[in-house]
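User: I am new to reading protein structures and would like a close look at one part of this one. Could you walk me through it slowly, with each term explained?

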Amino acid sequence: MSWWHRLASPTRFMSYSAWVLPIAGWLAAGCIGVGLALGLFASPADYQQGETVRIMYVHVPAAWMALFCYSAMAASSAGYLIWKQPLAELATRATAPVGACFTAIALVSGSLWGQPMWGTWWVWDARLTSALVLFFLYLGYMALAEAFDDPTRGGKAASILALVGFVNVPIVKFSVDWWNTLHQPASVVKLDGPAIDPAMLVPLLLMAAGFTFYAVAVVILRLRAMVLERKIQALQRQLAEAR
Amino acid sequence: MTDGFFAMGGYAAYVWPAFGVTAVVLAALLLTSRRRLKASEALLRDLESARPRRREVNP
Amino acid sequence: MKRKHRRFLALLGSMTLLGLAAALILGAFEDNLLFFYTPTQLAEKGPPGARFRLGGLVEEGSVAKDANGLTVRFRVTDLTNVVPVVYTGVLPDLFREGQGVVVEGEIDGAGLFAAAAVLAKHDENYMPKDVAEALKASGEWRGEEAE
C-alpha cells in the first residue's frame with residue numbers, strides 16, 4: 001500500500017509517458033527513414049574512402065548514443081543516490097541495455113569499417129580500447145543491478161558503479177585528442193566547425209536524431225514495464241497476505 | 001544502376017553487414033522491450049480483476 | 001534537506017577525487033597509451049622496444065615497388081623527421097602517398113624500419129570527390145596532400 005505513495009512520481013510518469021511514447025516512436029521512424037534514404041542513395045561517396053563512408057551513418061550516431069546513454073545513466077544514478085528518487089534508479093536500469101546495444105553496434109560497425117580502410121578489424125589504441133571498456137561497464141552495471149535479491153541494495157551498488165564508470169566517458173571522447181590513436185579525431189564536434197561535407201552531414205545528423213528518439217521510446221517502454229512490474233510485485237504481496 | 005548500388009563500389013561485404021547488424025540489434029531490443037511491457041500489462045490486468053473477487057470471498 | 005545536501009557534497013567530492021585519480025593514472029601511463037611513435041619522437045627518445053609502431057604520413061613520391069611486385073619501400077614523415085620503411089605484403093586500400101600510415105615492426109642499426117604490418121590512418125575530413133577536386137583547384141585545400 002505505502003509503495004504507491006512513495007512512488008508518487010511514477011503515477012505522473014505513467015500518464016505523461018503515454019503520450020510522449022508515440023511521438024518519440026514516430027519521430028524516430030521518420031528521422032531514421034529519411035536519414036537512411038539520404039545516406040544510402042542521395043549522399044556522395046567520400047573522395048578517399050569511397051562507398052565505405054556510408055558506414056559512418058550508423059557508426060557515428062551509435063557511438064554518440066553509447067556516450068549519451070551512459071551520461072544519462074550517471075545523471076539518474078546521482079539523482080537516485082542524492083534524492084532517493086526510486087524512478088531515477090529504474091530509469092538507470094531501463095537505459096543500460098539501450099546504451100549497451102548502441103555500444104555493440106558502434107564496435108561492430110567500426111570493425112567492419114576498419115578492416116577495408118585501415119587494414120585491420122581491431123587495434124588496441126586508446127579510442128577502441130576505451131570504447132570496449134564502456135561496453136563492459138554497461139554489462140557490469142546490468143549484472144550488478146540484477147545480482148541482489150533485494151532490489152534496493154542492487155540498485156544502490158549498481159548506481160555507484162554507474163557513477164564510478166562515468167570517468168571513462170571523457171576518456172572515450174577525448175582519447176583521439178590526448179594520445180596518438182589509429183582512430184581519427186572528431187569530425188563534427190570541433191572548434192572550427194564540422195570537417196564534413198553538408199551532403200554527408202545532413203543524413204548523419206538525421207540518423208543521430210532518429211537514434212535519440214529511438215532511445216527515448218525504448219527507455220519509456222522499458223521504464224513503463226518496470227513500474228508495472230513493481231506494482232505487480234506489491235499486488236502479489238497483498239494477495240499473499242490476504243490469503 | 002541497382003547493380004552498382006548493391007555492390008557499394010566493391011565494399012558490399014562491409015557496408016551491408018554494418019547496416020544489417022544495426023537493424024537487427026535495434027529491432028530485437030525494441031521487440032523484447034515491447035513484449036516485456038505487454039506481458040506486465042496483461043499480468044497486472046489479471047491481478048486487478050482477481051483482487052475484488054478475493055475480497056468477496058474473505059471480507 | 002540537510003541530509004540531501006550532505007549526500008550531494010559527498011558525491012561531488014568522491015567524483016572529483018575519482019577524476020583526479022584517473023587523470024594521475026593516465027598521466028603515469030602516458031607512453032603506453034600512445035598507439036604509435038612519430039619519427040620525431042623516435043629521433044628524440046629512441047625506439048621504445050625491439051618491436052614498435054611508427055606513425056606519420058607516407059612521403060610524397062617516396063613509394064617504390066621492388067621488381068618482385070610485393071615488396072614496397074616508402075618513407076614515413078611527420079614533416080620534421082623521416083624514417084625509411086620496407087614492407088612485403090598486402091597494403092590496405094587507403095594506403096597512398098600523402099596519407100596517414102601506421103607501420104609495426106623493427107628498426108635496424110642503419111635506421112631502416114622493416115614493417116611486419118601496415119595500417120592506413122585517415123583524417124577527419126569527409127567530402128565528395130568533386131568537392132575535393134574543386135578545393136584543390138581553387139587553392140583552398142587544407143588537407144595533408146598540400147604539405
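Here is the part I would like to understand. Which strands pair with strand 3 of chain C, and what does chain C bring to its interface with chain A?

Analyst: Happy to help, and a word on the model comes before the strands. This is a predicted model, in which local features need pLDDT of at least 70 and side-chain atom pairs count only at pLDDT 80 or more, while totals for chains, interfaces and linings use all residues. Residues are numbered from 1 along each chain as its sequence is written, chains are lettered from A and ligands numbered from 1 in the order in which they are written, and side-chain values use heavy atoms, with hydrogens and water left out.

Now to strand 3 of chain C, residues 71-77. Strands are DSSP runs of E with at least two residues, helices are runs of H or I with at least four, and both are numbered from the N terminus. In strand 3, 5 of the 7 residues are buried, meaning under 20% relative accessible area with a 1.4 Å probe, protein chains only.

Two strands pair if DSSP finds at least two bridges between them. Strand 4 (residues 82-88) of chain C runs antiparallel to strand 3, with 7 bridges; one of the pairs is C:Thr71 with C:Thr88. The hairpin of these two strands has 4 residues between them, and there C:Leu79 takes a positive phi near 75°.

Strand 1 (residues 51-58) of chain C is also antiparallel to strand 3, through 2 bridges, and C:Val58 sits opposite C:Val76. Strand 2 (residues 64-65) of chain C is joined to strand 3 by 2 bridges, again antiparallel, with C:Lys65 partnered by C:Val72. Between strands 2 and 3 the hairpin has 5 residues, and C:Gly69 has a positive phi near 80°.

Next comes the interface. Counting contact as heavy atoms within 4.5 Å, 38 residues of chain C meet 43 residues of chain A. On the chain C side, C:Phe35, C:Glu124 and C:Tyr126 lose the most area to chain A, together 21% of what that side buries. Buried area here is the accessible area (1.4 Å probe) that two parts lose on being put together, summed over both; for these chains that is about 3500 Å², with 62% from carbon and sulfur atoms.

The elements that give two or more residues to this side of chain C are helix 1 (2-28), helix 2 (30-33), strand 6 (113-121) and helix 4 (129-138). Helix 1 of chain C gives the largest share, 9 residues.

Note on methods:
Buried < 20%, exposed > 50% of the residue type's maximum accessible area, 1.4 Å probe, protein only.
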